[in-house]
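Biologist: Please take a close look at the largest nonpolar core, and then go on to the packing of the helices and strands. Which of its residues touch the most other members?

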Amino acid sequence: MDRSQAPLKRRPTLWRTPFVEADKEHAQRAFVRHVQASLGRDEISATAWDRYQALCFSVREHLISRWINTQQTYYHTKARRVYYLSMEFLMGRALRNTLLNLGIHDEYEQAMSALGMSLGELEDMGVEPGLGNGGLGRLAACFLDSMATLALPAYGFGLRYDYGIFRQKFVDGRQVEEPDDWTRLPNPWEIPRPETTVRVQFGGRVQVYADDKGRLRHRWLDTQDVLAMAYDTPIPGYGNKTVNTLRLWSARGTEDFDLEDFNVGDYVGAVEHKVLAENITKVLYPNDNVYSGKELRFKQQYFLVAATMADAIRRHLVMYPSLDNLAETSVFQLNDTHPALAIPELLRILIDEHGHDFDQAWEITRKCMAYTNHTLLPEAMEKWSVDLFARLLPRHLQLINDINSRFLALVRKRFPRDDELVRRVSIYEEGGAKRIRMAHLAMAGSFSVNGVAELHTELLRTRVVPDFHRIWPNKFNNKTNGVTQRRWLLACNRPLAKLITDRIGDAWVVNLDHLRDLERFKDDPEFLADIERVKLEAKMRLVSYLKTKCDFDLDPNSLFDIQIKRIHEYKRQLLSALHIIHLYLRLKRDPSSLKTPHTFVFGGKAAPGYAMAKLHIKLINDISARVNNDPQTRDMLRVFFYPNYNVSAAELLFPAADVSEQISTAGFEASGTGNMKFALNGALTLGTLDGANIEIAREVGDENIFIFGHTVEEVARLRRDYDPSAIYRENLDVAEFLDLLSGDYFNPEDRGLYRPIIDALMHKDYYLLLADFASYKKAHTKIDEAYTDRKRWNQMALANIARIGIFSSDRTIGEYADDIWRLKPVPVLVDEA
């Protein structure tokens, strides 16, 4: 019998979990029951927050039965499982997505309306866990949704930070960071598991001893221990009975306080261990400009992998007598280098705790681990000092020595007399303070290494780690990123989703390729008018929100040009800012120089220690203040920086965009997923041939995208003798906006404030803003002209929607499952009475 179809063992009647019926009446009864029984309130005393919680609890009933049956199905079928390790999971609010995935949104909308409440208003009350910085965490969230929808036995593992990515506000145009205390209110979607803890060790010493067979073994002794406590969140698939698990670990002290210290009056010392232990998950990615920040980040990474590996091995040993077959039952996907410590940790467990010899343990480990690289930036290729390893993870340092010795022996055997190759690929980086290169460890210890876009993977093979590709060409593969259409169209753009479903049915929700069926309406005036109508509705929603929350006015009939992403020099928000100065100066001279009113919207956060990125934010806000208050230009040009950009903000911004700015220097963006979300919602891309832009251009067609700038090959050639000051001398537009920026026009209080920006552009211009400016300006001119032809513009928007299906995360995860994880869908079976 196919194990995936094996029936569940019959369980005692009392413990069976039949699926909860979903209709308007049940939803109302469940809601009222939770107001009373779960919260101790009634219809008079219940606050708005009480009503939100009661609603979530009633929806959770539908999740729990499926959740239990899912875990029972995986257990009884002995399903092969994937464990997805990520330091970030940027999930967004859960209520609407859960209702839609469970197929009960309409029933609950009717139920809340009958009780005199708005489901939409209740949905907006949800607190957004800020457990990620941006793209990496949001991608992980999309992947979890797709794994559940594809009925794959999968678990997400991350950290439950007490304080997530900071809340951003602007003071005099400058970014100011405030703590994001997202746990101040109870999270109705997570279930604490205080009985599920793992003891995580740090520091100590390694003792060598002989076991009863005379073999040398190692013990890790005298460690400082921290408890990892589990918090579980259910992840429902769409249109099926699967509910997978996201398990987040929270740090706890092994003892609440030292009674002896307390009794003698040392109250601080009594709780010192508890406080230091719990610091590990106190904040998402501490500022690592100082050594203590680096150490804490290192501890976070090991804390995640130690707890996760222990948990995965516990699950395995429930079903099997040993770890000999671990690679047949489990695969660990490392989401970037952050969880790469899973490799020596699994090796340690196999050797020190389960008695395997090194060769056996290394074989099992390499067959279990798969590594995704997400960056081309050298600074993102993590390296940790050997001193830090020696102090915090001494046993792991020994094992990495062994790994490196065997790896380099293999390299010398295959490539004799190539000492330079050996030096380049070594896990250790010599010179100055000796450091361990985590990407090298990840590649040496994994059976698969994948990039996240075709260009990114090719650059990995040829420029970033060509030596590793030379050693193991078959390890490398591409898995272009994707986004889940459930959140990024069905949930966040209901009018467009309804328009699509009314015309072609709802099969696109689980197979985005069906959007191709929309192409037959490209010459249908009624449908094109509907496309324009739903875009205007989305813009009106954004306009209304910004007026209410920020007291800022936008013209919904203007062209909305939106750039929302982490603020970084290579992403080139500065290029857009400089172009806005250019447009402003043109309008001052000639009010008719723009055919269409333009609104430029920015959103994103700069890392607290990234001074240049924060200066770019200040400049954009100063430009906004000048442009928006100039009566000569403000009807044609407006600029707004959306404060505290997050997933909820994205759900407003993606549907409202006319133009999506994806303008990174070619060769720096690994993939990008915002480009996919924008196109899915009918925005036209203005971008370089970088990351997934290349594949988007191929899919939507050159006539439906605006490409500009130097290519990767041209960038490499240009760098050889690039002189940005020559562009300043020869291009009057560039000279004009740089001269204006060097004065006090945008910041009268501090004339030299923007000198670092000007110096960086004039002396180096590493990210080639000046080199690409003329091409960027030309592309904007084409956009301004194209937007005036409403029929043609709507056809271009439709082409983007219809041809973006390949960029569903369902396709991406399907490729991971087939090519890397060797995972098959395991349908969840109902536990019948």
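Modeller: A nonpolar core is a set of buried Ala, Val, Leu, Ile, Met, Phe, Trp, Tyr and Cys residues joined through side-chain atoms within 4.5 Å. What follows is read from a predicted model. The largest such core holds 248 residues, and the members that touch the most others are Trp249, Phe389, Trp508, Leu515, Leu518 and Trp821. Helix α10, spanning residues 291–319, supplies the largest share of this core, with eleven residues. Another core, of 25 residues, lies apart from it and has Tyr52, Leu99, Ala111 and Ile191 among its members. As a general background to such cores, nonpolar side chains in soluble globular proteins tend to be buried together.

Burial can also be followed element by element, and helix α27 (residues 693–700) is mostly covered, with six of its eight residues buried. The buried residues in α27 are Asn693, Glu695, Ile696, Ala697, Glu699 and Val700, and their covering includes helices α18, α26 and α33 together with strands β20 and β21. Just after α27, Gly701 takes a positive phi of about 95°.

Ser330, for its part, is placed in strand β10, which covers residues 330–335. Because its relative accessible area is 2%, Ser330 counts as buried. Leaving aside residues up to four places away in sequence, Ser330 touches Arg80, Arg81, Tyr83 and Cys368. Ala380, 50 residues from Ser330 in sequence, is 28 Å from it in space, C-alpha to C-alpha.

Two helix pairs can be set beside this picture. The axes of α13 (residues 358–368) and α15 (residues 394–414) come within 12 Å and cross at roughly 85°, an angle between 65 and 115 degrees, and the two helices are therefore roughly perpendicular to each other. In this contact, Phe358, Asp359 and Trp362 of α13 meet Leu399, Asp402, Ile403 and Arg406 of α15, a set that by class comprises four nonpolar, no polar and three charged residues.

The other pair consists of α30 (residues 732–742) and α31 (residues 755–763), whose axes are 9 Å apart and pack at an angle of about 150°, with α30 passing α31 in a left-handed crossing. Here Leu738, Leu741 and Ser742 of α30 meet Arg755, Ile757, Ile758, Leu761 and Met762 of α31, and by class this contact has six nonpolar, one polar and one charged residues.

Notes
Residues are numbered from 1 along each chain as its sequence is written. This is a predicted model: local features need pLDDT of at least 70, side-chain atom pairs count only at pLDDT 80 or more; totals for chains, interfaces and linings use all residues. Side-chain values use heavy atoms; hydrogens and water are left out. Axes are lines fitted to C-alpha atoms, for helices over the stretch in contact, and angles run from 0 to 180 degrees between N-to-C directions. Helices (H or I, at least four residues) and strands (E, at least two) are DSSP runs, numbered from the N terminus. Angles under 35 degrees count as roughly parallel, over 145 as roughly antiparallel, 65 to 115 as roughly perpendicular and the rest as oblique. Contact means heavy atoms within 4.5 Å. Ala, Val, Leu, Ile, Met, Phe, Trp, Tyr, Cys and Pro count as nonpolar, Asp, Glu, Lys and Arg as charged, and the others, Gly among them, as polar. Buried means under 20% relative accessible area, exposed over 50%, partly exposed in between (1.4 Å probe, protein chains only). A crossing is left-handed if the near helix is turned anticlockwise from the far one by less than a right angle, and right-handed if clockwise.
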